[in-house]
Amino acid sequence: MRRPVRGRCQGRKRVKDGQISRRAVLIGASAAAAWAASPARAMLLQAGTRKLPAAVESLLAKMTVEEKAGQLTLMAAAWSGGAAVTLNPAGASSNFEGQLAEVRAGRLTGVFNGNGAAMAKRMQTVAVRESRLKIPLLFAADVIHGFRTVFPVPMGEAASFDPELAERTARVAAVEAAASGIDWTFAPMVDVARDARWGRGVEGSGEDVLLGKLMAAARVRGFQGAKGLKAADAVAACAKHFAAYGAVEAGLDYNTVDISERTLREIYFPPFQSALAAGAPTVMASFNELSGIPATANAWLLTEVLRREWGFEGVVVSDYTADEELIAHGFAADAREATRLAFLAGVDMSMQSGFYLRHLPDLVAKGEVPVARLDEAVRRVLALKVQLGLFDDPFRRIDPAREKARVRTREHLALAREAGSRSIVMLKNEGQLLPLPRSGKKIALIGPFASGLHDQIGPWNVYGTDAEAVDLATGVKALVQDPALVSVTEGAGLEGPVPGGIEAAVAAARAADVVVLAIGEHARMSGEAQSRSAIVAPPAQMALAEAVAATGKPIVVLLRTGRALALEGAVLKASAILVTWFLGSQDGPAIANVLFGAVGPSARLPVSFPQATGQAPYHYDHKPTGRPNPAGPLQEYKTHYREFPNQALFPFGHGLTYGEIVYGDLDLGGGKLNADGTLTVSAAIANNGRHAAEEVVQLYIRDVAASVTRPVRELKAFRRVALKPGERKRVTFTLTRADLLFVGQALKPVVEPGRFQLWIAPSAEAEGVSGSFELI
């Protein structure tokens with residue numbers, strides 16, 4: 001066992017891996033007393049002395065307890081439209097006039113997923129002219145991957161391995177949303193997701209910590225802009241869901257999470273820390289429990305870690321009715337107790353349950369919730385409204401004329417097409433079937449996604465519509481010389497057969513030179529509450545694929561999905577496979593660009609595609625175990641399944657280009673790294689093919705022996721490099737001590753001297769070029 005580098009020793013206190021912390025006792029039946037006696041209380045009292053602008057500070061002094069509770073109450077807009085009604089219903093008894101009455105009475109801090117500038121103007125007018133204290137409302141929305149211009153789902157966009165692209169799309173989303181009166185978005189989702197059965201992985205950036213951190217920060221920067229939150233085109237970001245929602249057992253949404261504090265600190269916390277470092281002023285607590293304590297009432301998580309350890313001073317909001325759900329969790333006996341537990345744990349704002357409005361005044365009156373805690377929560381909410389410039393101009397983002405002018409502009413749609421093209425991953429291209437020629441070939445577009453304005457924008461988009469998107473058939477016909485050579489056949493439904501479908505598809509395939517088979521998941525198969533027990537293409541679509549494959553015609557599979565899928569049969573055997581995700585407003589043109597080579601594929605898998613459903617959860621940076629199977633055939637009594645090795649079918653980072661990329665000439669820069677120095681490593685990357693290519697060069701390391709076992713590989717950096725045919729470039733990376741840190745036995749970051757393996761490679765399981773270096 002190696003020793004920590006001198007001067008960076010591990011702490012002396014030991015916490016067992018199976019525990020979150022002894023400090024979690026701050027919550028439970030004695031929550032109020034524990035909070036009153038805790039160091040967190042002193043911190044909050046000190047924070048409560050921070051002054052708001054004088055005019056706003058005076059409002060706090062004038063508020064009744066009921067009005068303070070109103071500032072901590074957020075509800076779904078009663079005047080909503082489109083997908084918002086399904087995603088977040090306002091409630092059977094809710095109506096817009098009733099909601100305006102709540103605003104007049106000071107019982108509402110704002111609404112979410114409303115219906116544009118006209119609605120916001122009416123509500124804000126009531127707030128600032130008819131309520132007693134004239135406090136402006138806050139308008140929020142789920143702007144997950146675009147507003148009216150819809151971009152690829154976040155997992156798809158993460159496949160670009162291009163944080164700058166993610167920042168640009170988030171910026172456009174903010175410009176459009178802010179023009180419609182929105183101040184605050186419940187994004188980005190920064191949950192690391194390693195079980196493909198979990199539907200909400202589609203909202204995040206995949207399985208890797210580094211990619212998750214970079215994408216989180218980029219999206220926060222994009223939403224909030226460079227001019228500050230007071231800018232009329234800025235929206236406040238919200239890092240969600242805190243924490244470890246992506247680790248739910250069996251990939252089942254809302255399920256239990258029971259993991260070690262080390263795993264939290266190494267895997268699930270870093271993307272949140274990255275989002276906060278980029279300036280996110282709000283955090284959303286997650287639905288799941290965490291080692292027995294629901295996150296929404298977890299004082300260790302929300303106060304001890306987030307507030308005291310990380311120094312977060314912004315707003316913590318519950319997820320939709322998550323405080324109410326403490327009762328179903330079996331953690332709170334009733335609504336009153338659920339309110340007390342969530343509020344004392346650190347949830348400042350309650351979303352949709354109405355519990356804070358109903359129960360906080362009585363809890364304060366009876367001394368069960370300190371006034372100091374109430375005032376601090378209200379200060380945070382008022383401070384957010386100050387940051388957003390709402391006290392200076394409550395209507396700064398509410399402009400119906402601007403709303404019409406700033407959405408779905410030519411520039412925004414061009415970015416959607418670019419983002420879509422750069423998010424498509426090419427898994428296979430046998431015999432260089434792709435790119436397809438634009439003339440001289442009969443092309444059969446077959447499958448439920450071959451045409452039609454459906455399932456293009458994907459899950460979790462409130463304001464965009466498929467009706468405004470461009471489908472595959474339209475995109476393909478726009479690029480070929482003779483659209484008459486393109487046939488379109490449905491072949492099968494999304495989850496069932498269609499009469500005569502397979503027969504028609506087979507006939508179309510026989511009449512064509514090449515088949516483009518568009519299959520996969522529909523939009524309702526991914527997203528919230530869409531966990532799947534089998535991550536495969538629907539049986540009717542698989543039957544279609546087998547029938548078309550039997551014709552012997554070359555097949556290009558276009559795989560629509562919001563998760564990693566276990567591919568098999570005719571789909572896996574196809575000559576070419578493109579993972580097209582849900583690409584948004586310019587879905588069809590983006591796919592056509594890559595199919596015909598107008599844009600070369602350059603994206604990489606942000607999640608590992610498993611060999612079979614039974615291999616999930618799988619992630620590339622797993623531990624080696626004490627019995628790893630050596631290279632070569634499977635051996636008895638080693639770590640593998642009976643049917644296949646402990647490897648991905650298509651690993652994280654995998655993705656082909658239209659070039660022929662060769663890795664070579666590794667330079668390890670002397671092979672030694674001082675604890676306070678740097679190590680520069682490089683490799684030569686060549687394109688020996690006939691097409692230009694953009695390669696994503698990835699740097700992985702493995703700590704060979706450590707005081708805490710380390711993964712088989714960890715991504716530490718990546719570079720995008722453009723290569724012309726025949727061009728060769730040297731790609732350089734610089735490693736520092738910080739790149740080698742891990743959470744040691746005392747749950748503190750440590751680094752230890754010794755040998756490290758290193759790969760510069762095209763994926764997490766490719767050899768590329770490899771060597772080793774020493775930390776001395």
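Helices are DSSP runs of H or I with at least four residues, strands are runs of E with at least two, and both are numbered from the N terminus. The structure treated below is a predicted model.

**Exercise 1. Locate Thr296 and describe its surroundings.**

Solution.
Step 1. Under the assignment just given, Thr296 falls in the loop between β8 (293–294) and α13 (299–309).
Step 2. Buried means under 20% relative accessible area. Thr296 has 1% relative accessibility and therefore counts as buried.
Step 3. Once neighbours within four places in sequence are set aside, the residues in contact with Thr296 include Ala285, Ser286, Leu302, Ser318, Ala322 and Asp323. Leu326, Ala342, Ala345 and Val347 are also in contact with Thr296.
Step 4. One of these partners, Asp323, is 27 residues from Thr296 along the chain, and the two C-alpha atoms are separated by 6.3 Å.

**Exercise 2. Determine which residues of helix α3 are buried, and how they are arranged about its axis.**

Solution.
Step 1. Helix α3 covers residues 54–62, and its buried residues are Val56, Glu57, Leu59 and Leu60.
Step 2. Viewed down the axis of α3, the buried residues fall within an arc of 150°, so they line one face of the helix.
Step 3. Ala54, Ala55 and Ala61, on the other side of α3, are exposed.
Step 4. The cover over the buried residues of α3 includes α4 (65–71) and α17 (371–387).

**Exercise 3. Characterise the protein as a whole: its secondary structure, dimensions, surface and charge.**

Solution.
Step 1. The secondary structure amounts to 24 helices and 26 strands.
Step 2. The radius of gyration is 27 Å, close to the 28 Å that the globule rule gives for 776 residues, so the protein is as compact as a globular protein of that length.
Step 3. The C-alpha trace spans about 75 × 65 × 45 Å along the principal axes.
Step 4. Of the 776 residues, 62% are buried.
Step 5. Among contacts between residues at least 6 apart in sequence, 79% join residues at least 24 apart.
Step 6. The accessible surface is about 27,700 Å², and carbon and sulfur atoms account for 52% of it.
Step 7. There are 87 positive and 78 negative side chains, and the centres of these two sets lie 5 Å apart.

**Exercise 4. For Val514 and His359, decide whether each is buried or exposed, and list the contacts of each.**

Solution.
Step 1. Val514 belongs to strand β14 (residues 514–520). Its relative accessibility is 5%, so Val514 counts as buried.
Step 2. Residues up to four places away in sequence not being counted, Val514 touches Leu433, Leu436, Lys442, Ile443, Ala444, Pro554 and Val556.
Step 3. Ala444, one of these partners, is 70 residues from Val514 in sequence, with a C-alpha to C-alpha distance of 6.4 Å.
Step 4. His359 belongs to helix α16 (residues 355–365). With 19% relative accessibility, set against a cut-off of under 20%, His359 counts as buried.
Step 5. With residues up to four places away in sequence again not counted, His359 touches Ala335, Arg336 and Thr339.

**Exercise 5. Identify where cis peptide bonds precede Pro435 and Pro617, and place each proline in the fold.**

Solution.
Step 1. Most residues other than glycine have a negative phi, and most peptide bonds are trans.
Step 2. The peptide bond from Leu434 to Pro435 is cis, with omega near 0°. Pro435 is situated in the loop between β11 (425–429) and β12 (443–446).
Step 3. Ala616 and Pro617 are likewise joined by a cis peptide bond, for which omega is about 0°. Pro617 is situated in the loop between α24 (587–595) and β17 (661–667).

**Exercise 6. State the phi values of Asn113 and Thr625, and establish the location and accessibility of each residue.**

Solution.
Step 1. Asn113 is not a glycine, yet its phi is positive, near 55°.
Step 2. Asn113 occupies the loop between β2 (110–112) and α7 (116–130). Its relative accessible area is 2%, so Asn113 is buried.
Step 3. Thr625, also not a glycine, has a positive phi of about 65°.
Step 4. Thr625 occurs in the loop between α24 and β17. Its relative accessibility is 40%, and Thr625 therefore counts as partly exposed.

Key. Residues are numbered from 1 along each chain as its sequence is written. This is a predicted model: local features need pLDDT of at least 70, side-chain atom pairs count only at pLDDT 80 or more; totals for chains, interfaces and linings use all residues. Side-chain values use heavy atoms; hydrogens and water are left out. Buried means under 20% relative accessible area, exposed over 50%, partly exposed in between (1.4 Å probe, protein chains only). The arc is that of the directions from the helix axis to the C-beta atoms. Contact means heavy atoms within 4.5 Å. The radius of gyration is taken over C-alpha atoms; the globule rule is 2.2 Å times the number of residues to the power 0.38. Accessible areas come from the Shrake-Rupley method with a 1.4 Å probe; for residues, only the protein chains shown count as cover. Lys and Arg count as positive and Asp and Glu as negative; His and the chain ends are not counted. The place of a charge is taken as NZ of Lys, CZ of Arg, CG of Asp or CD of Glu.
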